[in-house]
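Trainee: I should like a close look at a single part of this structure. Please take one residue and follow its surroundings, and then turn to the cysteines.

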Amino acid sequence: MEREACIRCGGTMGHIGQERLQLGRFGLLVGHWDQLLSGALTVDIYCCHDCKKLEFYAIEAPEENAGGTMAQVPCPGCGQLHELDDPKCPHCGKRLLE
């Protein structure tokens with residue numbers, strides 16, 4: 001399927017394939033494990049023949065919170081929960097990774 005026109009230059013968009021994009025984010029303490037548990041989103045990829053701009057279109061609507069959230073741990077300073085890979089507490093500002 002051809003997209004009508006590139007939003008950057010007006011050139012013709014051509015379908016170049018389909019890929020699965022990894023969801024989630026890289027954590028400082030848990031590394032790639034969080035990403036492996038987050039799931040993936042299948043997308044169609046289109047490329048402009050003129051300016052080479054890429055556009056991604058989801059095959060299916062992504063599920064909300066596909067793989068869960070980052071693990072929560074209590075801050076040693078204030079006791080409030082925050083994400084495991086936060087460099088400092090978002091509540092009290094205490095540095096966590098020293």
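Mentor: What follows is an account of one acidic residue, its surroundings and the cysteines. The model is predicted, and the description should be read accordingly.

Asp-44 lies in strand E2, which covers residues 40-48. With a relative accessible area of 16%, Asp-44 counts as buried because this value is under the 20% cut-off. Its side chain makes a polar contact of 3.0 Å with the side chain of His-15. When neighbours within four places in sequence are set aside, Asp-44 is in contact with His-15, Gly-17 and Gln-18, and also with Glu-55, Phe-56, Tyr-57 and Ile-59.

One of these contacts, Glu-55, leads to another pairing. Glu-55 is itself buried, at 8% relative accessible area, and forms a salt bridge with Lys-53, in which the closest N and O atoms are 3.9 Å apart. The count for the structure is one salt bridge.

As for the cysteines, the whole structure contains zero disulfides. For Cys-89, the closest cysteine sulfur belongs to Cys-78 and is 3.7 Å away, so the two are too far apart for a bond. The closest cysteine sulfur to that of Cys-92 is in Cys-75, at 3.8 Å, and this distance is likewise too far for a bond. A disulfide would require the sulfur atoms to be within 2.5 Å. As to accessibility, Cys-89 is buried at 2%, whereas Cys-92 is partly exposed, with a relative accessible area of 42%.

Technical notes:
Residues are numbered from 1 along each chain as its sequence is written. This is a predicted model: local features need pLDDT of at least 70, side-chain atom pairs count only at pLDDT 80 or more; totals for chains, interfaces and linings use all residues. Side-chain values use heavy atoms; hydrogens and water are left out. Helices (H or I, at least four residues) and strands (E, at least two) are DSSP runs, numbered from the N terminus. Buried means under 20% relative accessible area, exposed over 50%, partly exposed in between (1.4 Å probe, protein chains only). A polar contact is a pair of N or O atoms within 3.5 Å; within protein, one must be able to donate a hydrogen and the other to accept it, and residues adjacent in sequence count only if both atoms are side-chain atoms. Contact means heavy atoms within 4.5 Å. A salt bridge is a side-chain nitrogen of Lys or Arg within 4 Å of a carboxyl oxygen of Asp or Glu.
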